[in-house]
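Open the structure in your viewer and keep the selection panel at hand. Follow the stops in order.

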There are 4 protein chains.
Amino acid sequence: MSTILGQNQYGKAENRVVKITRDGATHHIKDLNVSVSLSGDMDEVHYSGSNASVLPTDTTKNTVFAFAKEHGIESAEQFGIHLARHFVTSQEPIHRARIRIEEYAWERIEGSDATSGKRHSFARSGQEVRLTQVTYDGSAWEVVSGLKDLTVLNSTDSEFWGYVKDKYTTLQETNDRILATEVSGRWRFNWTDDAAEMPDWEASYQETRKHLLQAFADTYSLSLQQTMYEMGKRIIDSRSEIDEVRFSLPNKHHFLVDLEPFGLKNDNEVYFAADRPYGLIEATILRDGCEARIPVDLTNL
Amino acid sequence: MSTILGQNQYGKAENRVVKITRDGATHHIKDLNVSVSLSGDMDEVHYSGSNASVLPTDTTKNTVFAFAKEHGIESAEQFGIHLARHFVTSQEPIHRARIRIEEYAWERIEGSDATSGKRHSFARSGQEVRLTQVTYDGSAWEVVSGLKDLTVLNSTDSEFWGYVKDKYTTLQETNDRILATEVSGRWRFNWTDDAAEMPDWEASYQETRKHLLQAFADTYSLSLQQTMYEMGKRIIDSRSEIDEVRFSLPNKHHFLVDLEPFGLKNDNEVYFAADRPYGLIEATILRDGCEARIPVDLTNL
Amino acid sequence: MSTILGQNQYGKAENRVVKITRDGATHHIKDLNVSVSLSGDMDEVHYSGSNASVLPTDTTKNTVFAFAKEHGIESAEQFGIHLARHFVTSQEPIHRARIRIEEYAWERIEGSDATSGKRHSFARSGQEVRLTQVTYDGSAWEVVSGLKDLTVLNSTDSEFWGYVKDKYTTLQETNDRILATEVSGRWRFNWTDDAAEMPDWEASYQETRKHLLQAFADTYSLSLQQTMYEMGKRIIDSRSEIDEVRFSLPNKHHFLVDLEPFGLKNDNEVYFAADRPYGLIEATILRDGCEARIPVDLTNL
Amino acid sequence: MSTILGQNQYGKAENRVVKITRDGATHHIKDLNVSVSLSGDMDEVHYSGSNASVLPTDTTKNTVFAFAKEHGIESAEQFGIHLARHFVTSQEPIHRARIRIEEYAWERIEGSDATSGKRHSFARSGQEVRLTQVTYDGSAWEVVSGLKDLTVLNSTDSEFWGYVKDKYTTLQETNDRILATEVSGRWRFNWTDDAAEMPDWEASYQETRKHLLQAFADTYSLSLQQTMYEMGKRIIDSRSEIDEVRFSLPNKHHFLVDLEPFGLKNDNEVYFAADRPYGLIEATILRDGCEARIPVDLTNL
């Protein structure tokens, strides 16, 4: 045979499961988008089309919905762990399961009568999308969580100067600019072993997000690279359960508009928010002594 | 001539202007997407290509940025009024200006040192997009404001039964379902005359949004039409500056998943959030005695 | 009652129906996205939630799929006519039906063996989306067809000069520029009466599209307005079944890049394709003596 | 230091360059979206914010536009090679450059006068987006080309049966179904050395695309995995310049609609085209003896 099969995986992507939990008149909501990806002893289906080792993607979809009932959804990470364990341990040909989950947050809407006792109305928060990816091979776990679509902006305390100039350089240096980005971040937990105690996934997310935002706000920036590194460093320094952070940060340019043709002075007041092109700044920040494992291409924009 | 020119308009769309206002170390941000559309004595440019009456769309763009400096951005509505008045009164061939604006809200990010005094960091809220459309013909104003992309959900207090059945009907009646929609709403102000006092545009928006959400939460729903009508009625009843409301509400179906094949009972817990198709429910709600003026097709989905 | 109900409509939107017709080993495909919108005697469902006059949106969905079998899909227009007639004539409370359809074109893929006789493989063409909107009130028909997402470009034969200059004008005149737009067009047929012979919808679409493109290519342009008018005029002049055309044409700016800082001359060779802002040019072109009926807001961008 | 910097890269993404070449009255167009990503001796900018080794992303943008003039755009691959070589060889701190390019195809529009001699009008084809990624580290080249957004469909000759059933399996077996996917494919060239002759990039793309489509059409499919493998195998067998293929194929489900409730038989005629969830089938297909180098996460959906 002149060609051979390399890495392969399959499953049902983007299962949109919403779980309502009723605590009397107070309802709780979890809203997930769950993608299942399975690997293992799957050569034959590629070579001959025999599905004898293939659990249908439709079944993996059913399992997502059934598990929402059987296990509930305590957190995206815990839900992914239930699913990954199930596929690897219940199907002999499946040696590895990767569960990717997007979570959409909801806020409560209050009705006009605060005494009604009813708490079943929600508005989708619309800010960042929370992410997790759980991988299991039957022995070790890898959990990489994160977020995307979180747009942040500092309206000052950002400079950019002292850079290399070549024959194609026309950019002017600046001592005061807007720094804005849409954060796509991932962080890898050092929990890998069932025998170890799991992190508190919900608390970890909230705290990591807080540190990320605080570092963005605190840093007097000489480059987006510096701000990005400070954001990763703050997470590593503050959260012992996390060993690695990966960021992919588009530099959402806000250009100071030249108002001089109209006899006006633009004292860092009026900006044009540009779409494309944009700077794209990416890096891994690691706890010293740890190995980088988050793929460079995980956060393809 | 066998063909003639009908309604026509032109201008620069989607000017993304960000305005920073500095109050010492406390910064404020306004983030708008402004579209200009002008009409008037424009036959010749269509018939012969003569631009003698055409103010370039590039100039309308420049005007947006210059006006952010000259007038500031007190509110999207007030900014649109400045622009519309300018085009109609400064250019003889322009008889009508329509300014459409999207506004994106930002929340403050607090740094780790609450005593720093610095307040220049923001995260985009990501929830609804605020809208306004200001039209001016040199004598009367029309202001239609609104919002889009606000996703809301009631996890109970929604029924659907007693409907018409024909030979193509298979739907089962239900006494407890999720009711969810992504609100696209517009409301028309009765302010039309420069001599009258303008509404407080910022307060009006916040209050109208509040009433809309409260009516959604309060209504025990027998149909999305009923809920929609209650939302419009609440606005009309509560806000004397508004005479007309138009909604375009997709019914974001959350289907109860059948778990019986897996030996599980789904007691209104696990739902599949569907994409397409979706019910689409649209209506105008009017103050009695007022004329409907918001176009049915304004909120094309 | 202080508030009243105005115009309202409802139905199932975006029913994605694919119809395969087998002619031996040669298959044919029709791929539609069908949105149903019904109006009539619907006050009660808004005021009280009574669904006694409401045919469920789910039923309208079922009808779309059943009609694909019962009537086939000869053309999008003919399919819309079948649906609209059915809803208005079979349900007493429904007085008006509007069917909107998007159609996606497919091209055949040839296998490696031209003698196999098999013709059941297709690639989606991906160019424009064909559109139609059929409205019926029980007596008269209105059919508005069109297209969107058709991006066209002339790399020369476009000028822009002789325009109005005010204090905010900085644009330089040009005698040679790229003219590009993404065509969103609608055209209204003068067929309204069942007693009259219907147009050949398929042939009409192909010819109208051809004339639109030829007029774009033929016109030496002094403004996008002029090109747009010529496109509409060509359709009216060439297609007797069409009385009205509406265009919404974003001016997709291609800016000549200033290469002088790098010691290079840019002789209309290298352009930056910009996203936002963009000029937006809109107009109705009418057969002389006909009334404009396509809503200005039908083609909201 | 408790944290360290791992892999990092930066540059200007999504530079939209359009190149017009005039051959008398016949014009040619190349339309690219170019993203530059540079790596090297960049620790200091992350740790301290010093930009002393940083060529600004704005300069990388300028270089893209200047190179379109200086080198022309013979093919996306050749253009990427010019850029990557420039950055690595001209800037000491830059050790590696990765250039990603999307290319949009255009077709000619003919005017109404075939004798005019004018050939400067184009319509964007809208079908697949052509892709390439060129990486250079100063000694070896890696070129990975491909495409995305190419939707293909077989209306028969697809079965699915004989799969694993577990307690969550409800899917019915089928001997005749629609098989459709939106192809995202990448292929790696074995050209790595400046001393070797380069492939003919344009011919290679056209031929590879043809083989991919023919294999899709030719294969009687028992699973999408089998079809995918045949597509990759056909490329490897037919194109000696390619050693590795990676596919990410969403199974675009077309569900046979149950028309029995309406007394109708659906003989593989009427389908519902679903959005989410979808099966996602991914694999690498390799020339025997070659090493897999296309990252599994390159084609993140």
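This tour goes through a predicted model, stop by stop.

**Stop 1: chains A and B**

Select chain A and chain B. Each of them gives 49 residues to their contact. Now look at the chain B side. Several elements supply at least two residues each, among them strand S2 (15-23), strand S3 (26-40), helix H2 (57-70) and helix H4 (201-218) of chain B. This side divides into 24 nonpolar, 16 polar and nine charged residues.

Next, pick residues 270-273 of chain A. This is strand S12, and S12 of chain A pairs with S2 of chain B. The sense is antiparallel, over three bridges. Which residue stands opposite B:Val17? Select A:Phe272, and you have found the partner.

**Stop 2: a helix in chain A**

Select residues 201-218 of chain A. Here is helix H4, with 18 residues. From first C-alpha to last, H4 of chain A reaches 25 Å, close to the 26 Å expected. Colour its buried residues: A:Trp201, A:Tyr205, A:His211 and A:Phe216 are among them. The run from A:His211 to A:Asp218 is buried too. One general point helps when you look down a helix: an α-helix has 3.6 residues a turn, so residues three or four places apart point the same way.

**Stop 3: chains B and C**

Hide chain A and show chain C. What rotation superposes chain C on chain B? The answer is 180°, with 0.0 Å of shift along the axis and an RMSD of 0.0 Å. That is the relation of a two-fold axis. In their contact, the same surface serves both copies: 100% of the contact residues of chain C recur in chain B. To find the axis, select C:Asp297. Of the residues of chain C, C:Asp297 comes closest to it, at 2.7 Å for the C-alpha.

Now colour the contact. Chain C gives 77 residues and chain B gives 79 residues. On the chain C side, the contributors of at least two residues include helix H1 (43-47), helix H5 (224-238) and strand S10 (242-251). The largest share, eleven residues, comes from S1 of chain C. By type, the chain C side has 32 nonpolar, 32 polar and 13 charged residues.

Strands also pair across this contact. S1 of chain B (residues 3-13) and S13 of chain C run antiparallel, over nine bridges. Try B:Thr3: its bridge partner is C:Arg287.

**Stop 4: B:His46**

Select B:His46 in helix H1 of chain B. Is B:His46 buried or exposed? With 25 other C-beta atoms within 10 Å, B:His46 is buried, because 20 or more count as buried. B:His46 touches B:Leu5 and B:Asn8, and in chain C its contacts include C:Gln225, C:Tyr229 and C:Ala283. B:Leu5 is 41 residues away along the chain, yet the two C-alpha atoms are separated by 7.8 Å.

**Stop 5: backbone details**

Keep one general rule in mind here. Most residues other than glycine have a negative phi, and most peptide bonds are trans.

Select B:Arg276 and B:Pro277. A cis peptide bond joins them, with omega about -10°. B:Pro277 sits in the loop between S12 and S13 of chain B. In chain C, a cis bond joins C:Arg276 and C:Pro277, with omega about -10°.

Then go to C:Glu14, in the loop between S1 and S2 of chain C. Its phi is positive, near 60°. C:Glu14 is partly exposed, with 19 other C-beta atoms within 10 Å.

Finish at C:Asn268, between S11 and S12 of chain C. Phi of C:Asn268 is near 55°, also a positive value. C:Asn268 counts as partly exposed, with 15 C-beta neighbours inside 10 Å.

Notes. Residues are numbered from 1 along each chain as its sequence is written. Chains are lettered from A and ligands numbered from 1 in the order in which they are written. This is a predicted model: local features need pLDDT of at least 70, side-chain atom pairs count only at pLDDT 80 or more; totals for chains, interfaces and linings use all residues. Two residues are in contact if their C-beta atoms, placed from the backbone, lie within 7 Å. Helices (H or I, at least four residues) and strands (E, at least two) are DSSP runs, numbered from the N terminus. Ala, Val, Leu, Ile, Met, Phe, Trp, Tyr, Cys and Pro count as nonpolar, Asp, Glu, Lys and Arg as charged, and the others, Gly among them, as polar. Two strands pair if DSSP finds at least two bridges between them. The expected span of a helix is 1.5 Å times one less than its number of residues. A residue is buried if 20 or more other C-beta atoms lie within 10 Å of its own, exposed if 12 or fewer, and partly exposed in between; C-beta atoms are placed from the backbone. Copies are superposed by least squares on the C-alpha atoms of residues with pLDDT of at least 70 in both.
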